[in-house]
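Please take a moment to look over the sequence and the fold before reading on. The paragraphs below lead through the structure step by step, from single residues to pairs, cores and the pocket.

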Amino acid sequence: MGMSVTISAATAQDAEQILKLQYLCYQSEAELYGDYSIEPLTQTLDGLRAEMAEGHALVARLGDEVVASVRGGVDASGTARISKLIVHPRMQRHGLGGRLLTAIEARFASEPAARRFQLFTGHRSEGNLRLYRSHGYVPVATEEVGSALKIVTLEKDAAAQAYVKSA
């Protein structure tokens, strides 16, 4: 193949590819929890564009194809909320999710307001939980949102991350 994956800021022109990738990637989550009405599968293109305009979005490209993405924003309390970290199924288990997570953390850490990073996933999503824990996230809350789903919220301190990068 010879091409390498590049990570960059997403543009408005990427929204359609991101939405299609999001739909593909969240099929396994929907199957795991028996719920195909989860927000990533029902989000509209306009909703995605609005979300991108309000925060940061990154994409990973292989040539012209968007093969991974992540987005989020920093709230008034200084919490950088990271969401919808997705990697094309054929590109999973090659470190791309970790690279994207590190890249968006670096983006948020450059903002003076970002004091902590926060993300969430379902309690049965072992691959996600393993990735987040390997990047220093610790569970801080669990919320039952249905008979089959508990949302696990994980956090880590942005200052500790900055220290790790400078050490």
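A convenient place to begin is D14, which sits in the loop that runs between β1 (5-9) and α1. The model in view is a predicted one, and in it D14 has a relative accessible area of 4%, so it counts as buried. Once the neighbours within four places in sequence are set aside, the residues in contact with D14 are A9, V59, R61 and V66.

A second buried residue is A57, which belongs to strand β2 and has a relative accessible area of 9%. Its contacts, again leaving aside neighbours within four places in sequence, are with S8, A9, A10, M52, V70 and R71. To give a sense of distance across the model, A57 and G136 are 79 residues apart in sequence, and their C-alpha atoms are 21 Å apart in space.

From single residues we can turn to charged pairs. Side chains of opposite charge can pair when their charged atoms come close. How many salt bridges does a search of the whole structure find? The search finds nine, and three of the pairs are described here.

In one of them, E16 is paired with K20, and the closest N and O atoms are 3.7 Å apart. Both residues lie in helix α1, where a spacing of four residues corresponds to about one turn of the helix. E16 is partly exposed, at 43% relative accessibility, whereas K20 is exposed, at 57%.

Another pair is found in helix α4 (residues 45-54), where R49 and D46 are separated by about one helical turn because they are three residues apart. R49 and D46 form a salt bridge in which the closest N and O atoms are 3.9 Å apart. R49 has a relative accessible area of 38% and is partly exposed, while D46, with 57%, is exposed.

The salt bridge between K84 and E39, whose closest N and O atoms are 3.0 Å apart, links distant parts of the chain, since K84 is in strand β4 and E39 is in helix α3, 45 residues apart. K84 is buried, with a relative accessible area of 11%, and E39 is partly exposed, with a relative accessible area of 39%.

The backbone of K84 also deserves attention, for its phi is near 50 degrees, a positive value in a residue other than glycine. R93 likewise is not a glycine and has a positive phi, of about 70 degrees. Is R93, with its 78% relative accessibility, buried or exposed? Because its relative accessibility is 78%, R93 counts as exposed, and its place is in the loop between β4 and α5.

The interior can be approached through its nonpolar cores. The largest nonpolar core has 26 residues, of which I82, L96 and Y137 touch the most other members. The elements that give two or more residues to this core are β2 (56-62), β3 (65-74), β4, α5, β5, α6 and β7 (150-157), and the largest share, five residues, comes from α5. For Y137, the contacts beyond four places in sequence are with I82, L101, E105, F117, Q118, L119, Y132, L154, E155 and K156. Apart from the largest core lies another core, of 16 residues, which includes Y26, L48, V59 and V66.

The last feature on this route is the largest pocket, which has a volume of about 1,200 Å³. Its lining consists of 40 residues, and those nearest the centre of the pocket are E29, L85, T121, N128 and Y132. Which elements each supply at least two residues of this lining? They are the helices α1 (15-25), α2 (27-33), α3 (39-42), α5 (96-109) and α6 (126-134), together with the strands β4 (79-87) and β5 (116-122). By residue type, the lining divides into 21 nonpolar, 12 polar and seven charged residues.

Some names recur along the way. Y132 is one of the residues nearest the centre of the largest pocket, and Y132 is also among the contacts of Y137. V59 and V66 are in contact with D14, and V59 and V66 are among the members of the core of 16 residues.

Notes
Residues numbered from 1 in each chain as written. Predicted model: local features only at pLDDT ≥ 70, side-chain atom pairs only at ≥ 80, totals over all residues. Heavy atoms only, no water. 1 Å grid on protein atoms, 1.4 Å probe; cavity = no way out; pocket = protein on both sides within 12 Å on 5 of 7 lines; lining within 4 Å. Points joined across faces, edges and corners; volume = space filled by probe spheres on them. Nonpolar A, V, L, I, M, F, W, Y, C, P; charged D, E, K, R; others polar. Buried < 20%, exposed > 50% of the residue type's maximum accessible area, 1.4 Å probe, protein only. Contact = heavy atoms within 4.5 Å. Salt bridge = Lys/Arg side-chain N within 4 Å of Asp/Glu carboxyl O. Core = buried A, V, L, I, M, F, W, Y, C linked by side-chain atoms within 4.5 Å.
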